[in-house]
There are 2 protein chains.
Amino acid sequence: MVYSAGMEPNDDPTRPATRWNDAWRGVLFASAKVLRTAERELLAREGFPLTWLDVLAQLYDAPGNGLRMQELEERSLFTRSGLTRLVDRIEAAGLVRRESVAGDRRGVRVALTSEGRRRHDEAFVEHFRLIEREFGRRLTPNQQEAVADALTGFWHDEATAPPE
Amino acid sequence: MVYSAGMEPNDDPTRPATRWNDAWRGVLFASAKVLRTAERELLAREGFPLTWLDVLAQLYDAPGNGLRMQELEERSLFTRSGLTRLVDRIEAAGLVRRESVAGDRRGVRVALTSEGRRRHDEAFVEHFRLIEREFGRRLTPNQQEAVADALTGFWHDEATAPPE
DNA sequence: TGTCAATAATTGAATGAGCAGTAGTTGGCA
DNA sequence: TGCCAACTACTGCTCATTCAATTATTGACA
């Protein structure tokens, strides 16, 4: 949610027409629209929102299907306090479990339960199809490659936007 | 916010490696990271969030610097009720004004005040520079063109994701 | 003209997210 | 050994957003 204002090519000094302008608008709209659809469908099909799938998928990808809160925070776009309560809800639904960390009593390890694993697999497959349908198929192979190539920098470098 | 899970190229059936995969991830991360930075800076500099700038810019671009709530809803990614309260806040800050619509007493027209216009101009210029710095400059001219070309469909057709 | 479904916008209740502050734990160093 | 700053995670408060219900108005049609 999101700046989506019009930037028509004209002479307005507050609306300069640049090359990257349309690229940015495309990125903004593509992510907003696809995510909105994905959110709606996931909620309808699985009964939980995208934020849950994000957490489940992070855990799934982690060694031993578990991560500490801190690690989860780094990998998601959440703040710590947001994550605490998000994990609360997912745990209450039985899809993850909090475990203590050997050797550090401050820490908490969040791990997928077998039910969480099952729901993840199920949800992810459908989610994947949806992204393919709503995003992938709307691009030619060349376009897919070009976009991937142009934007890899945004998820590769950690140097982007460190708070201050 | 948002699904950002890892999809490493491997043999996992729930993590098929496809061409559009990296493109989608790029779109997702680019918008999330740039928006996060933009939000922070705008708030620090102007004292209002991106949602306000979005509304101000829509009004600025509209004929007579005003729009009805309904039109604003179509142009933004908000629900009607969300907009009502968003406009409440912006109005309380004196940047927009609610006016009655001639010939339809149900309707409300939201218009920029002169202060709103001033704040818009000021904020937008800086916002524009920020997007250029955080997004535009990270792409070569060819990449800018390729991304713009690949993604225009997402803001041109209205056919995308109509609620059912 | 009177009725009533459709439309414009707002409001109430509930949910989700962030910031700032807190409690418990750890590790280094005097 | 004892102290203290740093770290991990959680909690209180507040704000922003949505869904569903509500109010006011309109326009079409009998």
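Which helices and strands of chain A and chain B each supply at least two residues of the surface near DNA strand C? Select α4 (80-92) and β3 (104-112) of chain A, then α3 (69-75), α4 (80-92) and β3 (104-112) of chain B. Helices (H or I, at least four residues) and strands (E, at least two) are DSSP runs, numbered from the N terminus.

Before going on, a word on what is on screen. This is a predicted model, in which local features need pLDDT of at least 70, side-chain atom pairs count only at pLDDT 80 or more, and totals for chains, interfaces and linings use all residues. Residues are numbered from 1 along each chain as its sequence is written, chains are lettered from A and ligands numbered from 1 in the order in which they are written, and side-chain values use heavy atoms, with hydrogens and water left out.

**Stop 1: the DNA surface**

Now select the 21 residues around DNA strand C, a residue being near a strand if one of its heavy atoms lies within 4 Å of it. Those that come nearest are Thr79(A), Ser81(A), Arg89(A), Arg85(B) and Arg98(B). On the DNA side, sugar and phosphate make up 64% of the strand C atoms that come within 4 Å of the protein. Colour the protein residues by class and you will find 10 charged, eight polar and three nonpolar. Here Asp, Glu, Lys and Arg count as charged, Ala, Val, Leu, Ile, Met, Phe, Trp, Tyr, Cys and Pro as nonpolar, and the others, Gly among them, as polar.

Zoom in on three side chains next. An N or O atom of Thr79(A) sits 2.8 Å from a phosphate oxygen of DNA strand C, and one of Arg98(B) is 2.7 Å from a phosphate oxygen. For Ser81(A), the partner at 2.8 Å is a base nitrogen. Each is a polar contact (a pair of N or O atoms within 3.5 Å).

**Stop 2: where the two chains meet**

Hide the DNA and show the contact (heavy atoms within 4.5 Å): 74 residues come from chain A and 74 from chain B. The two chains bury about 7200 Å² between them, 67% of it on carbon and sulfur atoms; buried area is the accessible area (1.4 Å probe) that two parts lose on being put together, summed over both. In chain A, pick out Trp20(A), Leu77(A) and Phe154(A), which lose the most area to chain B.

Finally, display Asp61(A) and Arg15(B), a salt bridge with its closest N and O atoms 3.2 Å apart. A salt bridge is a side-chain nitrogen of Lys or Arg within 4 Å of a carboxyl oxygen of Asp or Glu, and the interface has two.

Technical notes: Polar contact = N/O pair within 3.5 Å; in protein donor to acceptor, adjacent residues only side chain to side chain.
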